[in-house]
Amino acid sequence: MDISSNTAEASCRVGPIRASFAPDMDRYDVSGVEKRRHEFLTGRSLAENALCHMGCSDPFVGRHPDRSPIWPAGFCGSISHSDRLCTVMVGKTSALRSIGVDIEPQGAVPDGLRDTIYGPGDDPDGADPTLIFAAKEAFYKMWYPLTGVFLDFPDVGISVLGTQVKARLLTRTAPVPQLQQIHGCVSHCQGHIMVVFALEQAPGAQIRLYDQVSALCQTANAPPRDGKDKPPAAPGAHWITR
């Protein structure tokens, strides 16, 4: 199986979506203020483009009553955004069972919230509380589509291992053994911390995705060359897809 063809990742700035980039955004019913609409539609437009890149014939990403995404059959994914940046990870379920991504502006979580976020299973050795928060959010977003079970911050212990994090489920037995302890990747993208967890279906899929995430962030962080903007696949987007 060619794992490299089974994932797509994209990031772009949050903002109004051009019709040429995402012509079918009118089929999404989004209420709320303009800022909320921009955040939601940026995520859905990136998701649809990633799905189309992988050959999905109907890339509509619905929404469960709990507001979690409904991915098209044969695909899994995760969407995360701040008020400035949005990122999407999408994979074929033949390669990955679930993906969780979270991005947070660096320093977004103050030290004053450390007691709320940290639990007895966390390794607190100098770790940025924003990183610990993002890791727990990313793990949960991978976990919930598989289980439908809510987790609180103390339920998951996080250890920081350089450019990786290790998540350990502390208070329950995972229905999927690999979820009891799993490694995720950490990247830095345009002033944000990004954490990704992926549960693989086929050998090598997780590592391949993590390598692509690192490449995505390197592309997004790179300065323009020769005075020209980096060529995006869509307005403000950076694609890593193979």
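Two strands count as paired if DSSP finds at least two bridges between them. Keep that rule in mind for this predicted model. Strand β1 (residues 7–13) and strand β5 meet the rule with seven bridges, and they run antiparallel. At one point of this pairing, Arg 13 stands opposite Leu 85 in β5.

Strand β5 has another partner. Strand β4 (residues 75–81) also pairs with β5 in the antiparallel sense, again over seven bridges. Here His 81 faces Cys 86 of β5. Three residues separate β4 from β5, and the two strands form a hairpin. How enclosed is strand β5 (residues 85–92)? Seven of its eight residues are buried, so the rest of the structure largely encloses it.

Now move on to a sheet further along the chain. This open sheet has five strands, in the order β6-β10-β9-β8-β7, with antiparallel pairing. Which strands stand at its edges? They are β6 (96–105) and β7 (156–161). Each has a single partner strand, so one side of each is left without a neighbour in the sheet. On average, neighbouring strands of this sheet are turned by 25° against each other, direction ignored.

Look next at β9 and β10 within this sheet. Five bridges join these antiparallel strands. Cys 189 stands opposite His 192 in β10. Strand β9 covers residues 181–189 and includes Ser 187. Is Ser 187 buried or exposed? Its relative accessibility is 6%, and buried means under 20%. Ser 187 therefore counts as buried. Beyond its neighbours within four places in sequence, Ser 187 is in contact with six residues: His 192, Ile 193, Met 194, Val 213, Ser 214 and Cys 217.

Two helices meet these strands. Helix α3 lies across β6, β7, β8 (164–169), β9 and β10. It runs at about 150° to β6. Helix α4 packs on the sheet too, touching β6, β9 and β10. The direction of α4 makes about 15° with that of β9.

Helix α4 (residues 205–221) has 17 residues. From its first C-alpha to its last it reaches 25 Å, close to the 24 Å expected at 1.5 Å a residue. Its buried residues include Leu 209, Val 213, Leu 216 and Cys 217. Val 213 and Cys 217 are also among the contacts of Ser 187.

Turn now to the aromatic rings. The whole structure holds five aromatic pairs. One of them joins Phe 139 and Phe 197 edge-to-face, with 5.8 Å centre to centre and 90° between the planes. This pair links distant parts of the chain. Phe 139 sits in helix α3 (residues 129–147), while Phe 197 sits in strand β10 (residues 192–200), 58 residues apart. Both Phe 139 and Phe 197 are buried. Tyr 140 and Tyr 144 form another aromatic pair, this one tilted, at 5.5 Å centre to centre and 35° between the planes. Both tyrosines lie in α3, four residues apart, about one turn of the helix. Why does Tyr 140 count as partly exposed? The relative accessible area of Tyr 140 is 23%, and partly exposed means between 20% and 50%. Tyr 144 is also partly exposed, with a relative accessible area of 23%. Back at the phenylalanines, Trp 143 joins in: Phe 139, Trp 143 and Phe 197 form one aromatic cluster.

Note on methods. Residues numbered from 1 in each chain as written. Predicted model: local features only at pLDDT ≥ 70, side-chain atom pairs only at ≥ 80, totals over all residues. Heavy atoms only, no water. Buried < 20%, exposed > 50% of the residue type's maximum accessible area, 1.4 Å probe, protein only. Contact = heavy atoms within 4.5 Å. Phe/Tyr/Trp six-rings, centres within 6.5 Å; stacked < 30°, edge-to-face > 60°. Expected span 1.5 Å × (residues − 1). Axes fitted to C-alpha atoms, helices over the stretch in contact; angles between N-to-C directions.
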